[in-house]
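Please open the structure in your viewer and keep the selection tool at hand. The tour moves from one selection to the next and describes what is found at each stop.

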Amino acid sequence: MGLGDFLREKIRNFLHIEPAANKQIVIQQRLDLYGTIARNKLWYRGDSSELSDFFRQLEVSPTMFWKASSTRGMEIRKIHTGIPKLIVRVLTNIILHDYNGLTFEKPTHEERWKKIAKENKTDKLFKRFMKKLLIVGDGAFKVTFDTDIAKDSPILEYVSGENVEFVYRRGRIHEVVFLTTYTHNYRCYIFKEHYGYGYIRYELLNENSERLPLNYIPQTKWIEGEGVTFDTSVMLAVPAIYGDSEQFEGRGESLYEGKSDNFDALDEAWSQWMDALRAGRTKQYIPENLIPRDPETGKVIKPNAFDNRFIAVGNDVSESGAGNRIYNEQAAIPHDSYLATYISALDLALQGVISPSTLGIDVKKLDNAEAQREKEKTTLYTRGNIIELLNTVLPEVVTAVLCADQIWHEQAVDKPSVTVEFGEYANPSFESQVETISKGKTGGIMSTEAAVEELYGDSKDDTWKEAEVRRIKEEQGIVMMDEPPAVNADGVA
């Protein structure tokens with residue numbers, strides 16, 4: 001046996017490694033899907049009393065700001081900053097401001113869609129859809145018909161994720177179930193609408209999930225049979241799922257996912273700062289004989305705790321009475337420390353979602369224009385993810401609506417070809433673009449056509465850009481001429 005084999009044998013005998021014991025680890029999940037959606041909605045609503053009531057009923061750490069209770073006599077005002085609502089509203093406005101409409105391959109489809117969209121007020125509908133999608137994380141559009149509301153066109157609705165279930169088959173959505181709660185004779189009933197490819201089925205359940213006849217309550221007596229069938233290539237529901245939730249399989253992810261603790265810390269930092277300002281207000285020390293009194297009764301007037309605080313001190317009983325004077329004191333408030341804490345909490349709350357500059361927050365006053373644009377990159381990434389989803393969802397919504405309209409009027413199903421157009425966001429200034437493109441053009445690495453395309457992008461149509469290229473070349477002395485016809489050996493064209 002060699003020296004190396006001898007040493008390896010000794011080490012093997014010396015080290016005896018026991019395998020890890022197979023232990024079961026139990027983690028208690030505090031909120032289910034509907035509880036998580038309720039929490040996200042409360043963050044968006046931004047009512048401090050609702051947030052306090054909600055978190056006090058949760059089995060979470062009592063040290064959380066919105067769950068903690070103040071000691072009697074040392075109450076602190078809990079203030080909500082409103083940042084969660086601002087995030088969703090600004091992102092929604094950015095997306096809708098850049099939305100340039102739909103492009104159809106067939107004019108007949110475009111004309112019919114414009115009429116249906118006007119009756120359904122899709123501008124307001126898409127705005128509500130965007131807000132709910134970013135707050136909840138998912139939901140679905142559904143197409144229905146109600147002759148009492150719209151006699152000749154389908155009705156487009158958006159249902160938020162708390163009232164929607166997705167049925168998957170081999171990783172793909174096979175069916176969308178819409179839930180509606182009805183109350184009759186002080187009892188609750190759940191009405192389910194199963195939207196699948198080529199069918200819509202209805203189902204009525206009681207509180208114990210027992211199936212009931214559809215005419216059991218007056219709200220569902222309008223249904224004849226158990227559903228309808230149509231072309232199996234069409235589903236009159238379009239799911240909209242943003243992101244991918246790690247907690248709930250097959251569901252979307254809210255913008256607020258993983259941000260609840262950050263929002264809580266941000267509210268605490270701001271509330272603590274405001275409480276310090278209130279506690280550090282100027283205090284007046286007044287001798288007892290100088291305290292304001294009621295002229296009728298002579299009693300001391302009780303100070304207002306908000307705007308007229310003073311502290312009574314003993315009188316100067318010396319002959320001169322020189323000590324009987326009013327003097328003020330004010331605590332030194334560390335504003336820089338509170339500001340640094342607030343900015344750090346704000347950065348954590350916005351991290352990975354949206355840039356502070358997008359919200360109009362300038363935490364560094366010395367940033368130049370280029371630095372401000374760099375900060376917008378986080379917003380660009382989030383915007384890109386949302387637009388990627390809309391490029392898929394909106395054409396499917398238009399297709400479902402137009403196919404439903406064709407089925408309703410007993411026409412052959414003709415699926416439209418639709419594309420969504422969005423403008424640019426946070427582009428550099430026109431002057432900086434001209435400077436950059438001019439350098440590329442004069443350097444011989446960019447053609448006139450590429451320069452015009454890069455400079456104007458989607459702001460001008462192709463016809464205008466072709467004419468602009470022709471005008472530029474003519475000004476530079478480049479004349480565009482038709483190619484002469486070919487000449488044969490006999491000199492005849």
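The stops below cover a sheet, the helices on it, a pocket and a further helix. The model shown is a predicted one.

**The sheet**

Select strands S3, S2 and S10. Together they form an open sheet of three strands in the order S3-S2-S10, and the pairing is antiparallel. Strand S3 (155-160) and strand S10 (237-241) are at the edges, where each has a single partner strand, so one side of each lacks a neighbour in the sheet. On average, neighbouring strands of this sheet are turned by 20° against each other, direction ignored. Strands of a sheet pair through backbone hydrogen bonds, either parallel or antiparallel.

Now restrict the view to strand S2 (residues 138-144) and S10, which pair in the antiparallel sense over five bridges. For one example, select Ala140: its bridge partner in S10 is Pro239.

**Helices on the sheet**

Add helix H6 (residues 122-136), which packs on the sheet and touches S2, S3 and S10. The direction of H6 makes about 20° with that of S3. Next add helix H10 (residues 377-408), which also packs on the sheet, touching S2, S3 and S10. The direction of H10 makes about 170° with that of S10.

Is S10 largely enclosed or not, given its place at an edge of the sheet? Four of its five residues are buried, so S10 is largely enclosed by the rest of the structure.

**The largest pocket**

Select Thr144, Phe145, Tyr202, Trp222 and Trp408. Of the 28 residues that line the largest pocket, these are the closest to its centre. The space in this pocket is about 800 Å³. Elements that give two or more residues to its lining include S2, S3 and H10, together with strand S5 (172-184), strand S6 (187-196), strand S7 (199-205) and strand S9 (227-229).

**Helix H13**

Finally, select helix H13 (residues 462-475). At 1.5 Å a residue, its 14 residues should span 20 Å, and its end C-alpha atoms are indeed 20 Å apart, which agrees.

Which residues of H13 are buried? They are Lys465, Ala467, Glu468, Val469 and Lys473. Display helix H12 (448-456) as well, since it is included in what covers these buried residues. Just after H13, stop at Gly477, which takes a positive phi of about 85°.

Terms used: Residues are numbered from 1 along each chain as its sequence is written. This is a predicted model: local features need pLDDT of at least 70, side-chain atom pairs count only at pLDDT 80 or more; totals for chains, interfaces and linings use all residues. Side-chain values use heavy atoms; hydrogens and water are left out. The expected span of a helix is 1.5 Å times one less than its number of residues. Buried means under 20% relative accessible area, exposed over 50%, partly exposed in between (1.4 Å probe, protein chains only). Contact means heavy atoms within 4.5 Å. Two strands pair if DSSP finds at least two bridges between them. Axes are lines fitted to C-alpha atoms, for helices over the stretch in contact, and angles run from 0 to 180 degrees between N-to-C directions. On a 1 Å grid over the protein atoms alone, a cavity is a set of points where a 1.4 Å probe fits but cannot get out, and a pocket is an open set with protein on both sides within 12 Å along at least five of seven lines; lining residues have an atom within 4 Å of a point. Grid points are joined across faces, edges and corners, and a volume is the space filled by probe spheres set on the points.
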